[in-house]
Amino acid sequence: MSSTRPVINPSVVYIHRRRTAMLYGLALVSIFGRLVEAEKRAYFGCYERDRFARLALTTEILDECVDNCENSFHRYAELSGSRCSCTNTIQTRIVEDRECDLKCGKQPDANCGGVNAQAVYETGIDVAGPVRNLRIDGDQKEDTIAIRWDLPANDGIMVDEFEIVAEATRTHASFRLYPVRWSVHNISTGFELSNLQPGTEYNITVVSVSAKGAGGRASIVGSTEIGRPDPEPEEPIILRRFESTILIQIPRATNDNGPVNYYRVVVHYVNSELIQQIDESQLGTFQQSKENKVPYYIAAELEMKDEESLLFTVGDGREYRSYFNPPITARTHVHISIGVVSILNHVVKVRYATTTHEQHQYPDHHHVNLKTVDVERNETLIAILTTACILFGVVLTGAIVLYVYLRFKTPAANTRPFGDHHELTLQGPILEVENSGFMPDIYEQRGFEAELRDIIDGLDATKNHARKYLSLDINHVLGSGKYGDVLLGSLQLLQDQQEPSDVAAQVHVITDDMESVDQIAFLNEFRRLTALEEHANLILFYGVCVTPDWCYLLFEQMQTTLKQTLLNARVPASANSVKFSTVSEEIVVNILCLVCDGMQFLADNNVVSKKLCARTVYVNTKFEVKVSAFGPPLNAEDTGNPIAISRWHAPEVIKFQNHSTKSDVWSFGLLIWECCCLGATPYGTITTDNLFAAIRAGQKPERPSFMYEDLYQLCLNCWDLDASDRPSFDDLRRYLRQTLPMLRYLLSFERKQHVQLPPYLPHLETASE
């Protein structure tokens, strides 16, 4: 008897096995989910009722209580009847489970504590809770938002760091803005979000990150102030020029930094060959332009609805939003500019189009009434040529008549014989005049003393000190420069209506034998100095003391330079110390921030230091920092010799004496290196004479091992050979302040193996007299 075996299709077997595996997987996921849910609501024990616990909510459902405590990032949920409380630390003692004999009213299978007891359940929370009281700090700025917060509760999961995320929710930018992220230290309670888009609303979230990952988060909405409109608006198209009006077409403008509210029409009467730039501080109405005697004014302020462009007649004699549009003066060269006005939250920003002669080239000829333009030009040309021909004919006729008269009417006896001729000589003194085209300067016309007296007379009365209140130590010369010597002195000052007190002072004795070039430079620097207000990070200017023979400039005298402070902070290698510096990394970076504040103030007032280094920065015992802004660098404390300040100068200063704020930024980069290396000498292997060639060859101070890449890159940015590519002091201080909470990524003074400080070489920093 033959038997037959069933034929099994392999594809059917594969499908069957696949379905079986999927069922097993779903079962495992379900079991795992139940385990997690069970762990989340795991019964922790029965404890005495905590009568001082803060009530979270009233409920008879266990799940509601646990969910509430989980959402508030608490580790435990406490139930006593219908009272639900949340905590991270159980404050009462444990009792027997029979004390928790109450069942939850709407969840009978769950325990809700007892009359004098509470059932405690775990919420499953193993991450840190959110920060508290998140808020915006300070006023709006164009590209930054400052926030502050209070730290999460101390009894929760420990925070490792805070992650800050800024997402743009509303913006005027025409491009996509991606979320920006920062990480800050776990003890930080504030941060300044930088490099944001102006005129943009951001949703700012602070996330608490712990060992198990992201935890609680708090959010707030903040906005940046609108910025100067960008891009620059286009020039208007001049369609037609009449006798007293001009028809223009205004193209629609875009603005990534805020809204476009209005379009200003600016009329500018210009010279045919030279365009005078518009000073926006002088730009106003037509009436104001006449009062200020400037050749430009705002003729109208217009709105553009949904059109792509707007036609407008300049000079129609009407008024537009308080701006009068007067007729254009005939036969004048006029440029029309457009200004974009952006207004939001009572902040107004304006940007004007740059005008050129190209707007008169009529690129679109079918829009221009060429006949009218040609007629006006031809009439003017004909009038000029006719007048010139008449004058030329009159002069020519007169010359011919005079020649004939002299030729035939002058007596022949008046002519001298050839032998009676003598050499033509000048009778009287001869004055040699240098034909150099030099015009005497105003200082030479009025005199150096008269100009100096004008500046001193303009000082406040409290800045003029009598000679009897000033004591000089003529044997203690602090320094010397092209304007004179600097002596140590003492000045009696009346402070806060108290008894007069003696304060140490730097006394700059102004020499009377300066070259004229130095006199002009001194007057310019002194005039800027007197215009400066007091600043916490600049050496105080006490005033002047003038006698019939001498003029003294008086400045605050601080005893210790930053250079000496850094050198004193060095710990010898033989000392048993964890760090090789007695000054912390935080203090060093904070000093650099304060120097930045002082230098930014000088830059805002168009003052260039020309001598920034650690020897011209002063520090007291409270680590108050002040920068010297006037006069020569003082002599070195240790050698008594003048400082070779060119070691800190930018290459354009060494070669061409071209001082600027950007050359001060170069010096600040060397100051960063000098501070981090505790007073070491920059370019320690190069003499001052060979410094420029070395810099041009690309040589820079080397990065020590304890100074990390980010901070050294900041120095390299300051040492860019192209001055325009160097950062501003505002950029530098913003970066340094943002990195204060993360100093471990910038600088470390820990004494590790093979760590060696660069040397201090006084013979390279000073010049022997």
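Two strands pair if DSSP finds at least two bridges between them. With that in hand, here are some exercises on this predicted model.

**Exercise 1. Find how E17 and E18 pair, and place them in their sheet.**

Step 1: Start with strand E17, residues 262-269, whose partner E18 is joined to E17 by six bridges in the antiparallel sense. For one concrete position, look at Val 266, which stands opposite Ile 298 in E18.

Step 2: Widen the view to the open sheet of four strands, which runs E18-E17-E22-E23 with antiparallel pairing. Its edges are E18 (296-302) and E23 (347-352), each pairing on one side only.

Step 3: Add the twist: on average, neighbouring strands here are turned by 25° against each other, direction ignored.

**Exercise 2. Describe the five-stranded sheet, and say which helix packs on it.**

Step 1: Write down the order, E1-E7-E3-E4-E2, for this open sheet with antiparallel pairing. Strands E1 (43-48) and E2 (55-58) are the edge strands, so named because each pairs on one side only.

Step 2: Inspect one pair inside the sheet. E3 (residues 76-80) and E4 (residues 83-87) run antiparallel and are joined by five bridges. Ala 77 has Cys 86 in E4 as its bridge partner.

Step 3: Note that neighbouring strands of this sheet are turned by 30° against each other on average, direction ignored.

Step 4: Now bring in the helix. H2 (residues 62-71) packs on the sheet and touches E2, E3, E4 and E7 (117-122). The direction of H2 makes about 145° with that of E3.

**Exercise 3. Work out how H6 and H7 are oriented to each other, and what lies in their contact.**

Step 1: Two packed helices are described by the angle between their axes and the distance between the axes. For H6 (residues 448-457) and H7 (residues 516-531), the angle is about 5° and the axes are 10 Å apart.

Step 2: Angles under 35 degrees count as roughly parallel. H6 and H7 are therefore roughly parallel to each other.

Step 3: List the contact. From H6 come Phe 448, Glu 451, Leu 452, Ile 455 and Ile 456; they meet Gln 519, Phe 522, Leu 523, Phe 526, Arg 527 and Thr 530 in H7. By class, these contact residues are seven nonpolar, two polar and two charged.

**Exercise 4. Compare a UniProt annotation with the model over residues 381-406.**

Step 1: Read the record: an unreviewed UniProt entry lists residues 381-406 as "transmembrane region".

Step 2: Check the model. Over residues 381-406 the chain is 100% helix and 0% strand, with the end C-alpha atoms 38 Å apart.

Definitions and conventions: Residues numbered from 1 in each chain as written. Predicted model: local features only at pLDDT ≥ 70, side-chain atom pairs only at ≥ 80, totals over all residues. Heavy atoms only, no water. Axes fitted to C-alpha atoms, helices over the stretch in contact; angles between N-to-C directions. Helix = DSSP H or I, 4+ residues; strand = E, 2+ residues; numbered from the N terminus. Parallel < 35°, antiparallel > 145°, perpendicular 65-115°, else oblique. Contact = heavy atoms within 4.5 Å. Nonpolar A, V, L, I, M, F, W, Y, C, P; charged D, E, K, R; others polar. UniProt positions renumbered as here; feature names shortened; annotations may be inferred.
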